[in-house]
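Trainee: Could you walk me through this one while I have the sequence and the model open?

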Amino acid sequence: GSETVALDETVEMIFSQGLVDANECNEIVFSGGLNDTSLPVSAIIGATTSQVSISVASLLRLFTTPQVSYSSSSPILNDRETYSYFYRTIPPDDQQAQAIVDLLVKFGWTFVSAIHSNT
């Protein structure tokens with residue numbers, strides 16, 4: 001599944017075909033062509049889903065590499081001890097749900113329709 005692919009790609013990125021020493025995991029070597037370069041990894045952007053972010057964050061924590069997700073909203077990722085290098089740009093699901101309830105109560109709304117799309 002996508003979780004396994006994400007982990008495989010993360011490991012591949014970190015070790016980049018064995019060109020990065022396990023003791024120097026703060027650098028990734030991009031090779032190919034005339035301009036082979038070694039660049040420090042500042043952070044990883046993604047993943048899109050919480051399930052994948054949980055797995056990737058668990059791995060990146062070992063390398064003290066920050067991960068920033070723009071859409072992973074699981075409250076599980078709130079655990080700063082376990083996911084100390086995970087950050088997100090949106091609130092977790094439980095806070096989003098509470099905000100919706102607060103709006104319903106504030107305006108006295110008694111009927112709500114939810115619209116969802118998988119595209």
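Mentor: We will go through the sheet, then the rings, then a loop residue, keeping in mind that this is a predicted model.

Trainee: Okay, what is the strand order in the sheet, and is the pairing parallel or antiparallel?

Mentor: The sheet is open and has 3 strands in the order β3-β4-β5, with parallel pairing. β3 (44-45) and β5 (86-88) stand at the edges and each has a single partner strand, so one side of each is left without a neighbour in the sheet.

Trainee: And how many bridges hold β3 and β4 as a pair?

Mentor: β3 pairs with β4, residues 67-69, over 2 bridges in the parallel sense, and I44 stands opposite Q67 of β4.

Trainee: Which strands does helix α2 touch?

Mentor: Helix α2, residues 50-61, packs on the sheet and touches β3, β4 and β5, while its direction makes about 165° with that of β4.

Trainee: Switching to rings, how many aromatic pairs are there?

Mentor: The count comes to 1 aromatic pair, formed by F107 and W109, which are stacked at 5.0 Å centre to centre with 20° between the planes.

Trainee: Is F107 buried or exposed, then?

Mentor: Neither, since F107 has 48% relative accessibility and therefore counts as partly exposed, the class between 20% and 50%.

Trainee: What lies over the face of Y87?

Mentor: That is R80, at 5.0 Å from the ring centre of Y87.

Trainee: Last topic: where is T64 found?

Mentor: T64 is in the loop between α2 and β4, and its C-alpha is 6.7 Å from that of Y85, although the two residues are 21 residues apart in sequence. At 48% relative accessibility, T64 counts as partly exposed.

Technical notes:
Residues are numbered from 1 along each chain as its sequence is written. This is a predicted model: local features need pLDDT of at least 70, side-chain atom pairs count only at pLDDT 80 or more; totals for chains, interfaces and linings use all residues. Side-chain values use heavy atoms; hydrogens and water are left out. Two strands pair if DSSP finds at least two bridges between them. Helices (H or I, at least four residues) and strands (E, at least two) are DSSP runs, numbered from the N terminus. Contact means heavy atoms within 4.5 Å. Axes are lines fitted to C-alpha atoms, for helices over the stretch in contact, and angles run from 0 to 180 degrees between N-to-C directions. Rings of Phe, Tyr and Trp (its six-membered ring) pair if their centres lie within 6.5 Å; planes under 30 degrees apart count as stacked, over 60 as edge-to-face and the rest as tilted. Buried means under 20% relative accessible area, exposed over 50%, partly exposed in between (1.4 Å probe, protein chains only). A charge sits over a ring if NZ of Lys or CZ of Arg is within 6 Å of the ring centre and within 35 degrees of the ring normal.
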